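Please read the report below alongside the sequence and the coordinates. It begins with one local detail and then turns to other backbone features and to the fold as a whole.

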Amino acid sequence: MSNPSLLILPGDGIGPEVMAEVRKVIDWYGAKRDLAFDVSEDLVGGAAYDAHGTPLHDDTMAKAQEVDAVLLGAVGGPKYDVLDFSVKPERGLLRLRKEMDLYANLRPAQCFDALADFSSLKKDVVAGLDIMIVRELTSGIYFGEPRGIIEEGNERVGINTQRYTESEIDRVARSAFELAMKRDKKLCSMEKANVMESGVLWREVVTEVGKDYPEVELSHMYADAGAMQLCRWPKQFDVIVTDNLFGDLLSDAAAMLTGSLGMLPSASLGAPMANGRPKALYEPVHGSAPDIAGQGKANPIACILSFAMALRYSFDLGDEATRLEQAVEKVLADGARTADLLGEEGVDPVSTSQMGDAIVAA
Ligand code: ATP
Ligand code: MG
């Protein structure tokens with residue numbers, strides 16, 4: 001059997017810095033676990049623009065289509081703000097998402113005990129929290145036609161259209177049920193079926209897909225009530241599946257239940273490939289953080305946890321993923337903090353590289 005293949009795209013700003021720490025983890029697997037990955041590395045975003053005049057070279061795109069998983073750092077930076085929209089660094093990432101047809105965006109909200117004080121919520125509300133939001137990423141109101149600003153009488157009207165086909169709902173629902181099967185077998189679907197036709201169809205199709213997953217306990221909630229419950233008692237949820245717009249809001253809100261941007265991983269999954277696993281791109285939620293780039297201050301945990309998600313969802317190495325997450329937990333419990341995680345005075349922050357070393361050691 002061939003080794004699992006991984007395309008690494010460090011990108012811009014702190015992207016290469018946090019990715020260097022993931023490399024240490026990957027090297028550790030090769031040396032200590034006899035688990036070799038076929039890793040190739042390429043350019044994306046501003047770095048690709050500087051080299052090729054495009055934020056994503058066709059050859060890179062072709063490689064991304066072939067590998068088991070893509071791991072991306074971050075794209076963009078002030079240097080590229082003047083560029084034409086068509087070659088902006090962000091377009092590289094958008095092209096990857098679009099051509100790989102990554103329709104399910106997975107955003108975990110997980111609270112490490114050592115950081116529970118970071119939340120704006122009471123500690124017992126978030127301690128031990130581990131939920132996952134699945135957001136539909138390629139359709140819905142951000143893409144629906146007609147759209148635009150038109151003249152009507154003597155005023156202008158802004159128009160967007162919420163539109164979902166049965167097959168679009170079906171495939172993201174399946175991703176969510178598959179995920180629920182690997183977790184606590186509990187799925188909550190959120191829409192606004194009380195006031196939106198797309199919501200009515202969403203509920204119908206999700207219920208229908210649920211018949212293929214009789215072990216999963218399925219519930220439905222209006223998205224506004226869901227937002228409220230997410231803040232009140234988030235531990236009632238395991239997996240939440242929702243559309244593009246509601247998912248955008250709910251996943252940002254859920255993420256911040258748990259602390260710093262430097263801690264949050266994500267996965268974007270597409271259709272199953274020949275090996276049965278989905279096309280996949282993993283990336284930290286944070287951006288290129290130009291304000292701290294090049295200073296050794298970036299927290300590499302979001303990127304390392306994104307690699308843990310790749311272990312679990314692309315390489316079928318769930319136990320290894322759990323161990324890596326436990327190593328992160330241990331290092332935090334031992335008190336190591338990058339600058340973004342520092343609340344109290346009198347504690348010295350560790351550097352990006354020291355944090356990576358500590359996780360590898362753990
Ligand atoms: P984008 O538009 O690419 O999302 P952004 O400007 O919205 O970028 P980030 O680049 O993520 O957001 O930065 C937001 C803030 O969070 C910055 O102050 C940055 O320094 C901080 N930050 C982001 N990621 C990290 C990290 N991994 N470690 C430490 N601080 C971070
Ligand atoms: Mg941002």
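## A loop residue with positive phi

In this predicted model, alanine 289 belongs to the loop that runs between strand β12 (278-284) and helix α10 (301-313). Although alanine 289 is a residue other than glycine, its phi is positive, with a value near 40 degrees. Alanine 289 has a relative accessible area of 21%, and because the buried class is restricted to values under 20%, this residue counts as partly exposed.

## A second positive phi

Aspartate 34 also has a positive phi, of about 55 degrees, and it is not a glycine either. This aspartate is placed in the loop between α1 (15-32) and β2 (38-41). With a relative accessible area of 71%, aspartate 34 is exposed, since that class takes in values over 50%.

## A cis peptide bond

The peptide bond that leads from glutamate 145 to proline 146 is cis, its omega being near 0 degrees. Proline 146 itself has its place in strand β6, which covers residues 144-152.

## A helix residue and a distant partner in sequence

Alanine 253 is part of helix α9, which comprises residues 244-255. Its relative accessible area is 40%, so that alanine 253 falls between the limits of 20% and 50% and is classed as partly exposed. Alanine 253 and alanine 109 are 144 residues apart along the chain, while their C-alpha atoms are separated by 9.4 Å.

## Overall fold and dimensions

The protein as a whole contains twelve helices and twelve strands. Its C-alpha trace spans about 60 × 50 × 50 Å along the principal axes. For a chain of 362 residues, a compact globule would be expected to have a radius of gyration near 21 Å, and the value for this protein, 21 Å, therefore agrees with that expectation.

Among contacts with a separation of 6 or more, 73% are made by residues that lie 24 or more positions apart. Of the 362 residues, 49% count as buried.

## Surface and charge

The accessible surface of the protein amounts to about 16400 Å², and carbon and sulfur atoms account for 51% of that area. The protein carries 36 positive and 57 negative side chains, and the centres of these two sets lie 2 Å apart.

Terms used. Residues numbered from 1 in each chain as written. Chains lettered and ligands numbered in written order. Predicted model: local features only at pLDDT ≥ 70, side-chain atom pairs only at ≥ 80, totals over all residues. Heavy atoms only, no water. Helix = DSSP H or I, 4+ residues; strand = E, 2+ residues; numbered from the N terminus. Rg over C-alpha atoms; globule rule 2.2 N^0.38 Å. Buried < 20%, exposed > 50% of the residue type's maximum accessible area, 1.4 Å probe, protein only. Contact = heavy atoms within 4.5 Å. Areas by Shrake-Rupley, 256 points an atom, 1.4 Å probe, with all protein chains shown as cover. Lys, Arg positive; Asp, Glu negative; His and termini not counted. Charge placed at Lys NZ, Arg CZ, Asp CG, Glu CD.
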